[in-house]
Amino acid sequence: MQTEIDKFEERGVALIGISTSTVGEIKDKMLPKGFTFPLLADPELEAIDAYGLRHVAGYPTGGDIARPAVIIVDEEGFIREKILTENWRVRPTAEGLLSRL
Amino acid sequence: MKFLLRHSYWLAPAIAFVGFISYFTVFVWFPPLRDVPWVNVPMVLLGVLLGVVGLLGGWKGSGWRRRSLYLGGALASVLIAGLLCLYIYSISYQMPPISSVTENLEKAPEFSLSDADGKMVSLSDYRGKKVIISFYRGFW
């Protein structure tokens with residue numbers, strides 16, 4: 001999604017990433033990859049649980065993490081779309097998302 | 001070709017290993033190659049092929065030491081290829097069913113979380129704007 005960020009910005013759409021990674025992990029491991037949209041730390045799974053996206057023992061060593069999901073929220077705060085995957089390797093592409101906006 | 005076969009006992013597992021490791025380190029960053037592993041699965045299969053052909057070719061007229069080398073190389077490449085396929089075609093599908101919480105959501109629940117700079121970001125900061133929230137598994 002990062003590579004197509006201009007197209008999202010052009011259309012006035014904001015991007016947010018959420019995972020169980022801590023602030024330190026995001027800083028060390030994700031930012032060097034060039035992400036410019038906010039990546040938020042949710043180590044206590046607060047937002048992840050609010051959206052029902054906890055994947056129990058999804059981490060290879062047994063911890064709980066978020067299952068991959070893309071939620072599109074409209075201007076009024078209502079959910080427009082929930083895009084979930086049945087396989088964590090397969091995620092929606094930027095082009096696919098742009099066409100759904 | 002002769003060189004390849006002579007050295008297949010280490011080349012085959014090496015090719016399979018590169019195919020295995022590069023999936024997780026390089027190709028996951030390219031969505032089309034992550035979703036359908038066009039590069040990595042053929043690569044590990046190539047390793048298996050080389051291992052097996054080297055084993056068959058080298059078996060005759062070799063001593064036991066050399067035979068066990070070829071056998072070990074072929075087995076190692078099969079093992080590595082098997083692990084990658086296991087991950088891609090089985091393990092990565094093991095996801096919990098979609099929860100009723102997610103299914104019943106209509107209004108996006110508010111959250112307030114810290115970004116990489118320690119700044120708090122809330123969903124309500126974006127009111128009046130469309131937002132795409134991407135939940136991801138995190139880096140590991």
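This tour goes through the interface between chain A and chain B of a predicted model.

Begin by selecting the residues of each chain that touch the other: the contact draws 64 residues from chain A and 47 residues from chain B. The size of an interface is often expressed as the accessible area lost when the parts come together. Here the area buried between chain A and chain B comes to about 5600 Å², with carbon and sulfur atoms giving 63% of it. Next, show Tyr51(A), Trp88(A) and Arg89(A) as sticks, since in chain A these residues lose the most area to chain B and together make up 15% of what that side buries.

Now display the polar atoms on both sides, where 31 residue pairs are in polar contact, counting those with both residues at pLDDT 80 or more, while the rule finds zero salt bridges across the interface of chain A and chain B.

Then colour the side of chain A that touches chain B by element; among those that give two or more residues to it are the helices α2 (23–30) and α3 (46–50), together with the strands β2 (39–41) and β6 (79–84) of chain A. Select β1(A) as well, which gives the most to this side, with seven residues. Recolouring by residue class divides the residues of this side of chain A into 38 nonpolar, eleven polar and 15 charged.

Finish with the backbone of β5(A) and of strand β3 (residues 130–135) of chain B, which pair in the antiparallel sense over five bridges. To place one of the partners in this pairing, centre on Ile72(A), whose bridge partner in β3(B) is Ile132(B).

Note on methods:
Residues numbered from 1 in each chain as written. Chains lettered and ligands numbered in written order. Predicted model: local features only at pLDDT ≥ 70, side-chain atom pairs only at ≥ 80, totals over all residues. Heavy atoms only, no water. Contact = heavy atoms within 4.5 Å. Buried area = accessible area lost by both parts, 1.4 Å probe. Salt bridge = Lys/Arg side-chain N within 4 Å of Asp/Glu carboxyl O. Polar contact = N/O pair within 3.5 Å; in protein donor to acceptor, adjacent residues only side chain to side chain. Helix = DSSP H or I, 4+ residues; strand = E, 2+ residues; numbered from the N terminus. Nonpolar A, V, L, I, M, F, W, Y, C, P; charged D, E, K, R; others polar. Pairing = 2+ DSSP bridges.
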